[in-house]
Amino acid sequence: MPPIPQNQQQALVSRLMKASGGGYGPETRRKYFISAPQWAAAYQGQALFHAPTRPAIGFEEIIRKYSEIGIGYWATHDTDVIPTEILGQDGQWEIVSRIRGTLANNGVQCSMVTTETFYHAVFAAGPAAEAPGVREYAKFRVRNTVDMGHELGANFAVYWPGSLGYYVQGAIDETDSLRWYADAINAACDRDIVTAAKKKRATLKHCLEAKPFEPQAEILLPTTDAMLAFISSGLLTHPEMVGVNPEYLHELMWGAAPRAALARALLMGKLFHFDINDGYRLKHDVDIGVGLVNPLDWLNVLVLLRSHGYNGPFNLDYKPPRTTSQFGVFEVSFPTAVDRFITLWEMAGEVIADPIVKEATDALKAGGPVTATPDAAALTASNQELLTLHELIAHRLVQILLGLHRGRTFSIS
């Protein structure tokens, strides 16, 4: 193949994207509670060792592009759209008004707001630093985000503690830091109760997000389980308002099973929000698009969530690869991420309804004959053949994932 002229490359990408098939139209995509954050599309490809590869892009264009794709919900950090120096001032509300207009004009809703308490230098020692002034500033920030959330019509507020931890041992008292962080969450909930009453709206669902590595050497609340314990610790004045926002990759990063973490949150009634992406175990936070690395695991995750009636947002918290152009972000990256999710979600419905999976699962739950008196050997023999169904169920899930259950086979010459 000869070199592709630059002015023909976008057309090539679009043609191959169309030829790939398997996509859904904007109206179908809007039927799902899929949200896309400002920061994901605005990501320019920069990192610790990487220069940006894409130009900056503002919220007006991002919201417009999301609408064209069929993404019906948008989310943002406060400082994704508001300069730090005007937070809480008149200039902030002018920008919020512009955002509201842009959302309305494009038929997109704001589903979630979150507070940046990790990037700015003021949070060098974290949002629960020793300095009282820094802690008061963190409270100001989360209260302000609550106000922004109500003004934008959001229903969820997410908190990632960021630098809540330490680089060197002995530098902090962990119990103090956890109490001080609880003070910030309490400030957000207290403000929410007042603001919601004034606006005649329901209070927000406040969601804690854990991350095991980065940006500190040691993290105080590194896992969803740690967040669930924190919620139940007695430090929060309104624990009923607070749940979790697990991120798929954040659980995978420390070697956990995301499905198991989600199950524990479901049992506690605390699974409010879910950040979806993909990546690799025991690696850094690569934020790959959903289903590109672990599609079988994702199918299993969605079977769990469909089985237990999860109806919260699925937030596309990923980064389009540095190799993807700005054109490609909206032509390929976001449409395909949404379409993979929809396909996996619908496949999960097939798994739940599949007669083979259902009969195998029912048989395992029925078990073999029960002995009149406790007899380990007899119980082992009674269930031994049934336990083979574990592997059969796993095979059936792979068949559904690959389309083999519909008769798809390959001819071998």
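The chain folds into 16 helices and 10 strands. This is a predicted model, and the values below were all computed from it.

The overall dimensions offer a good starting point. A compact globule with 413 residues would have a radius of gyration near 22 Å, and the chain has 24 Å, so the two values agree. Taken along the principal axes, the box filled by the C-alpha atoms is roughly 70 × 70 × 45 Å. Within the chain, 46% of the 413 residues count as buried. The accessible surface comes to about 20000 Å², and carbon and sulfur atoms account for 57% of that area. Contacts also link distant parts of the sequence: among contacts with a separation of 6 or more, 77% are between residues 24 or more positions apart.

Helix H7 gives a handy check on geometry. This helix covers residues 132-152, which makes 21 residues. At 1.5 Å a residue, H7 should therefore span 30 Å, and the C-alpha atoms at its ends are indeed 30 Å apart. Just after H7 comes Gly 153, with a positive phi of about 85°.

Further along the chain, strand pairing comes into view. Strand E4 (residues 156-159) pairs with strand E6 (residues 205-208) in the parallel sense, through 4 bridges. Here Phe 156 stands opposite Lys 205 of E6. Strand E6 is also joined to strand E8 (residues 242-244), again in parallel, by 3 bridges. In this second pairing, Cys 207 is found opposite Gly 243 of E8. Strand E6 thus has parallel partners in both E4 and E8.

Notes: Residues are numbered from 1 along each chain as its sequence is written. This is a predicted model: local features need pLDDT of at least 70, side-chain atom pairs count only at pLDDT 80 or more; totals for chains, interfaces and linings use all residues. Side-chain values use heavy atoms; hydrogens and water are left out. Helices (H or I, at least four residues) and strands (E, at least two) are DSSP runs, numbered from the N terminus. The expected span of a helix is 1.5 Å times one less than its number of residues. Two strands pair if DSSP finds at least two bridges between them. The radius of gyration is taken over C-alpha atoms; the globule rule is 2.2 Å times the number of residues to the power 0.38. Buried means under 20% relative accessible area, exposed over 50%, partly exposed in between (1.4 Å probe, protein chains only). Contact means heavy atoms within 4.5 Å. Accessible areas come from the Shrake-Rupley method with a 1.4 Å probe; for residues, only the protein chains shown count as cover.
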